[in-house]
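Biologist: Before we turn to the details, please set out the conventions behind this model, beginning with how charges are counted.

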Amino acid sequence: FTMMEMLIVLVIMGVVAGLAVPAYFRTVEQARSNEPKVNLNIIHMGQKLSHLNNGSFGAGGAGSIAAVNSALGTDMGATYYTTVSMTVSGSGAGARYIARLTRNNVQGGAGTKFFEYDYTQGAANPTLNEGGAF
């Protein structure tokens with residue numbers, strides 16, 4: 001091989017790597033976004049049980065997954081989305097809660113990415129909102 005051939009191969013490999021690496025990290029982060037969706041479903045089931053038992057939603061305020069587990073009797077684990085904020089209002093048929101899970105800075109997750117459920121008692125399903133940036 002000549003030096004020119006080696007340089008051409010290195011340039012081609014650099015271009016391919018430059019295109020593949022960002023796509024890889026985007027795919028990894030999309031896979032990590034399944035965690036908050038699963039945990040929001042668990043929170044939703046815990047809130048529905050709380051409303052059935054007590055007539056109102058529980059666990060308002062901000063905190064950790066462990067605090068929500070304790071308040072709602074759930075068993076969630078979290079690695080990438082650990083900050084929880086929950087707004088609870090009303091009781092009975094008009095009760096409403098908003099649960100938001102925000103991305104932490106584990107493994108390159110520094111940013112404001114969040115997933116949020118907005119649910120009013122009697123609605124078929126909670127509304128899933130997604131926002132922020134990585």
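Modeller: Lys and Arg count as positive and Asp and Glu as negative, while His and the chain ends are not counted; each charge is placed at NZ of Lys, CZ of Arg, CG of Asp or CD of Glu. The model is predicted, and local features need pLDDT of at least 70, side-chain atom pairs count only at pLDDT 80 or more, and totals for chains, interfaces and linings use all residues. Residues are numbered from 1 along each chain as its sequence is written, and side-chain values use heavy atoms, with hydrogens and water left out.

Biologist: How many Å apart are the mean positions of the positive and negative charges of the protein?

Modeller: The protein carries 8 positive and 7 negative charges. The distance between the mean positions of these two sets is 5 Å.

Biologist: In what order do the elements of the protein run from the N terminus on?

Modeller: Helices (H or I, at least four residues) and strands (E, at least two) are DSSP runs, numbered from the N terminus. There are 3 helices and 5 strands, and their order is α-α-β-α-β-β-β-β.

Biologist: What radius of gyration does the protein have?

Modeller: The radius is taken over C-alpha atoms, and the globule rule is 2.2 Å times the number of residues to the power 0.38. The C-alpha atoms fill a box of roughly 80 × 25 × 20 Å along the principal axes. Whereas a compact globule of 134 residues would have a radius near 14 Å, the protein has 21 Å.

Biologist: Which residues have the most contacts inside the largest nonpolar core?

Modeller: Such a core is a set of buried Ala, Val, Leu, Ile, Met, Phe, Trp, Tyr and Cys residues joined through side-chain atoms within 4.5 Å, where buried means under 20% relative accessible area, exposed over 50% and partly exposed in between, with a 1.4 Å probe and protein chains only. In soluble globular proteins, nonpolar side chains tend to be buried together. The largest core here has 18 residues, and those with the most contacts inside it are L40, I43, V68, M86 and Y97.

Biologist: Which elements each supply at least two residues of this core?

Modeller: Both helices and strands take part in the core. The elements that meet this condition are α2 (34-54), α3 (65-72), β2 (81-89), β3 (96-103) and β4 (114-120).

Biologist: Is N39 buried or exposed?

Modeller: N39 is found in helix α2, and, leaving out residues up to four places away in sequence, it touches I65, M76, G77, A78 and L101, contact being heavy atoms within 4.5 Å. Because its relative accessible area is 3%, N39 is buried.

Biologist: Which residues does S50 touch, not counting those up to four places away in sequence?

Modeller: S50 lies in helix α2 and, with a relative accessible area of 12%, is buried. L72, in helix α3, likewise counts as buried at 14% relative accessibility, and S50 is among its contacts. The residues that S50 touches are G55, S56, F57, G58 and L72.

Biologist: How far apart in space, C-alpha to C-alpha, are E35 and G77?

Modeller: E35 lies in helix α2 and is buried, with a relative accessible area of 16%. Beyond its neighbours within four places in sequence, E35 is in contact with A78, T79, Y80 and Y81. E35 and G77 are 42 residues apart in sequence, and their separation in space is 8.9 Å.
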